[in-house]
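This report describes how the strands and helices of one protein chain are arranged. Please keep the sequence and the three-dimensional view at hand while reading.

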Amino acid sequence: MTKAEKRPVLVATEADDITADMVITEINRRDVPVVRFNPADIGGDLTVSARFGTCPAPVVGQVRTPSRTADLTQIRSVYWRRPEWPLFPHLSSDDARFAAAQVRYGLGGTLYALDGPLWVNHPLRIAAADYKPAQLALAQRLGFAVPPTLITNDPGEAREFIRVQEDVIFKTLRWTPCTRDGVPVTGWADPVHFDEIDESVRVTPHLFQARIDKIADLRVLIVGRHTFAVRIESALLDWRKDYSALTYTVEHLPDRVDKALHAYLDCMELISGSFDLAVDRAGDYWWLELNPNGQWGWLETETGLPMSAAFADLLTQGDSR
């Protein structure tokens, strides 16, 4: 294997990530080395060392795990999948915050300083793309039909919106892990009614959206220049509530929709993204949201679409060096 062929792909993700496993299996078939790590393992199974200002290269150093070592000057690409940052529960709250910040700005900052690898996707681009208000505005600029939406912490505004739109749902502005009575809960898209709005709305902005009279949902995964669209049919408002109630069909998007989705990623400087669209009874496509790092592995299993192979090809190709 030549020096160029030995250049590894970094995969940053949590320990039990079946989707990442699928991509790594495909990369292994291409005989390209992979270094998988989780930032949460710092201080144990993960070590980073980097030097600046001492060599011709701006950044030199290594990321090491018990079984792999990656030379920072030779990284082919970085798959920033679903990494976890350490919480340091054994430290006091102040020390834990300090330590967590050092990891984000030390390990994270070192990786962000690399200008050679292809990022899928760069964490800073993921963060910028994760704001739903910005998503809605950009989608409309690119010609998507966007459901009437209100973001407010004014109960009066919320009641008036519900009165005018009549059929309204509430959605979280960002998914946030939490538990109630020790049970994990998540934020579904749920109907909201006029009489449910009270003064507690003032605590934080809420997202209210007119419900689309949809006949199906679409999950569209874009990987580089490849588009994989899957039609998801169910009787559910939020199909994520019951995966056993879903049926899947490979969808062929109209050219204008496909081009608009790719243009969206280009505007956000993303290489990949998972889009959620809705199809109404007239056959029109409605924008719902983008998850810049969304799940897709189960869709490959259900449809046979070569999604993991597309990721592997992209990551193997890496940068232009």
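How many of the eleven residues of helix α9 (residues 307–317) are buried? In this predicted model, nine of the eleven are buried, so helix α9 is largely enclosed by the rest of the structure. The buried residues of α9 are M307, S308, A309, A310, F311, A312, L314, L315 and T316. Just after α9, G318 adopts a positive phi of about 60 degrees.

**Two helix pairs**

Helix α9 has a packing partner in helix α2 (residues 18–29), and the axes of the two are 8 Å apart at an angle of about 55 degrees. The helices α2 and α9 are therefore oblique to each other, and their crossing is right-handed. On the α2 side, the contact is formed by M22, V23, E26 and I27; on the α9 side, by S308, A309, F311, A312, L315 and T316. Sorted by class, this contact of α2 with α9 holds seven nonpolar, two polar and one charged residues. A general rule helps in reading such lists: an α-helix has 3.6 residues a turn, so residues three or four places apart point the same way.

A second pair is formed by helix α5 (residues 132–141) and helix α7, whose axes come within 10 Å and cross at roughly 130 degrees. Helices α5 and α7 are therefore oblique to each other, and α5 passes α7 in a right-handed crossing. Here Q135, L138 and A139 of α5 meet Y264, C267 and M268 of α7. By class, the contact of α5 with α7 consists of five nonpolar, one polar and no charged residues.

**The sheet**

Five strands form an open sheet in the order β16-β15-β14-β17-β18, with antiparallel pairing. Its edge strands, each pairing on one side only, are β16 (247–251) and β18 (285–291). From one strand to the next, the twist averages 25 degrees. Helix α7 (residues 255–268) packs on this sheet and touches β14, β15, β17 (272–280) and β18; the direction of α7 makes about 140 degrees with that of β17.

Within the sheet, strand β14 (residues 214–223) and strand β15 (residues 226–233) run antiparallel and are joined by seven bridges. One residue pair can be located by name: R219 has V230 in β15 as its bridge partner. Strands β17 and β18 also pair in the antiparallel sense, over six bridges, and S274 stands opposite N291 in β18. The hairpin of β17 and β18 has four residues between the strands, and in this hairpin G283 takes a positive phi near 85 degrees.

Is the edge strand β18 enclosed or open to its surroundings? Five of its seven residues are buried, so β18 is largely enclosed by the rest of the structure.

**Backbone features in loops**

Two residues other than glycine have a positive phi, as the table shows.

| Residue | Phi | Loop | Relative accessibility |
|---|---|---|---|
| D31 | near 60 degrees | between α2 and β2 (34–37) | 54%, exposed |
| F88 | about 50 degrees | between β6 (77–80) and α3 (93–112) | 16%, buried |

The accessibility cut-offs explain the last column: D31 counts as exposed because 54% is over 50%, whereas F88 counts as buried because 16% is under 20%.

A further loop feature concerns the peptide bond. V120 and N121 are joined by a cis peptide bond with omega of about -15 degrees. The loop that holds N121 lies between β7 (118–120) and α4 (123–129).

Note on methods: Residues numbered from 1 in each chain as written. Predicted model: local features only at pLDDT ≥ 70, side-chain atom pairs only at ≥ 80, totals over all residues. Heavy atoms only, no water. Pairing = 2+ DSSP bridges. Axes fitted to C-alpha atoms, helices over the stretch in contact; angles between N-to-C directions. Contact = heavy atoms within 4.5 Å. Parallel < 35°, antiparallel > 145°, perpendicular 65-115°, else oblique. Left-handed = near helix turned anticlockwise from the far one by under 90°. Nonpolar A, V, L, I, M, F, W, Y, C, P; charged D, E, K, R; others polar. Buried < 20%, exposed > 50% of the residue type's maximum accessible area, 1.4 Å probe, protein only.
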